[in-house]
Amino acid sequence: MHDKIVLLLNSCGGCVSDGIAIIQAMEASKVPITTIALGEIKSMAFDIFVAGNERIIAPTTIAMAHPLSLETGGTTHDHRTYHKYIELMHSHHVKHLKKYTQLDEQTINELFLGKQDFFLTAKDCIKYGVADKISSKFL
């Protein structure tokens, strides 16, 4: 049995449903998970990083959060359905960030999930409760 799992992240993001599945697996783990950010943690990688039990960010890492985006085609009905999906996912996103950062909903909606990408330095990640410590010595 391992006493902890270490997850190294350097990613520009990816598929929302895949990221949610990873986060759900992390939350179900009986073993504490340390997430370590190197290089960049953007989009879904940001949300995965935030879900760690201990969150370590390298000094030069850049983080980025933004609202959900989709590329869609299809009928008017399809677009109505996608709109409902986006609203549901936005609600889940806000709850996720509130749970792991202790930020209030207004700050999350204005900064992290606002109208444009929100970039953070390692120091910003500490300030907003996204990371627990900055270190280049993590292994």
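**Exercise 1. Place Y128 and find its ring partner.**

Task: Decide whether Y128 is buried or exposed, then describe how its ring pairs with that of F112.

Solution.
- Step 1. Y128 has a relative accessibility of 17%, so it counts as buried. The cut-off for buried is under 20%. This is a predicted model.
- Step 2. Count the aromatic pairs. There are 4.
- Step 3. Take the pair of F112 and Y128. The ring centres are 5.4 Å apart and the planes stand at 90 degrees, so the pair is edge-to-face. Planes over 60 degrees apart count that way.
- Step 4. Locate both partners. F112 is in helix α4 (residues 105-112), and Y128 is in the loop between α5 (122-127) and β6 (133-134). The two are 16 residues apart, and the pair links distant parts of the chain.
- Step 5. Check F112. Its relative accessible area is 1%, so F112 is buried.
- Step 6. Widen the view. F112 and Y128 belong to one aromatic cluster with F46 and F118.

**Exercise 2. Describe the whole chain.**

Task: State how many helices and strands the protein chain has, and judge its compactness from the radius of gyration.

Solution.
- Step 1. Count the elements. The protein chain has 5 helices and 6 strands.
- Step 2. Read them in order. From the N terminus they run β-α-β-α-β-β-α-α-β-α-β.
- Step 3. Compare the radius of gyration with the globule rule. The value is 16 Å, close to the 14 Å that the rule gives for 139 residues, so the chain is as compact as a globular protein of that length.
- Step 4. Give the outline. Along the principal axes, the C-alpha atoms fill a box of roughly 50 × 35 × 25 Å.
- Step 5. Look at burial. Of the 139 residues, 37% are buried.
- Step 6. Look at the contacts. Among those with a separation of 6 or more, 63% join residues 24 or more positions apart.
- Step 7. Look at the surface. The chain exposes about 8400 Å², and carbon and sulfur atoms supply 54% of that area.

**Exercise 3. Survey the salt bridges.**

Task: Find how many salt bridges the structure holds, and describe the one between K99 and E27.

Solution.
- Step 1. Start from the principle. Side chains of opposite charge can pair when their charged atoms come close.
- Step 2. Give the total. The structure holds 5 salt bridges.
- Step 3. Examine K99 and E27. Their side chains meet at 3.3 Å, N to O. K99 is in helix α3 (residues 76-101) and E27 in helix α1 (residues 16-28), 72 residues apart. The pair links distant parts of the chain.
- Step 4. Check the cover of E27. Its relative accessible area is 40%, so E27 is partly exposed.
- Step 5. Add K42 and E40. Their closest N and O atoms are 2.9 Å apart. E40 is partly exposed, at 25%.
- Step 6. Add E105 and K98. This bridge spans 3.9 Å, N to O. E105 counts as partly exposed at 41%, and K98 does too at 35%.

**Exercise 4. Explain the disulfide count.**

Task: How many disulfides does the structure have, and why do C12 and C125 form no such bond?

Solution.
- Step 1. Search the whole structure. The count is 0.
- Step 2. Recall the cut-off. Two cysteine sulfur atoms must lie within 2.5 Å.
- Step 3. Test C12. The closest cysteine sulfur is in C15, 13 Å away, so it is too far for a bond.
- Step 4. Test C125. The closest cysteine sulfur is in C12, 17 Å away, so it is too far as well.
- Step 5. Compare their settings. C12 is exposed, at 56%, whereas C125 is buried, at 0%.

**Exercise 5. Read the surroundings of H93 and P32.**

Task: Which residues does H93 touch, and which are in contact with P32, leaving aside neighbours up to four places away in sequence?

Solution.
- Step 1. Place H93. H93 is in helix α3. With 14% relative accessibility, H93 counts as buried.
- Step 2. List what H93 touches: D47, H66 and L113.
- Step 3. Place P32. P32 lies in the loop between α1 and β2 (33-42). P32 is partly exposed, with a relative accessible area of 40%.
- Step 4. List the contacts of P32: D3, K4, I5 and N53.
- Step 5. Compare P32 with G13. They are 19 residues apart in sequence and 23 Å apart in space, C-alpha to C-alpha.

Note on methods. Residues numbered from 1 in each chain as written. Predicted model: local features only at pLDDT ≥ 70, side-chain atom pairs only at ≥ 80, totals over all residues. Heavy atoms only, no water. Salt bridge = Lys/Arg side-chain N within 4 Å of Asp/Glu carboxyl O. Helix = DSSP H or I, 4+ residues; strand = E, 2+ residues; numbered from the N terminus. Buried < 20%, exposed > 50% of the residue type's maximum accessible area, 1.4 Å probe, protein only. Contact = heavy atoms within 4.5 Å. Phe/Tyr/Trp six-rings, centres within 6.5 Å; stacked < 30°, edge-to-face > 60°. Rg over C-alpha atoms; globule rule 2.2 N^0.38 Å. Areas by Shrake-Rupley, 256 points an atom, 1.4 Å probe, with all protein chains shown as cover.
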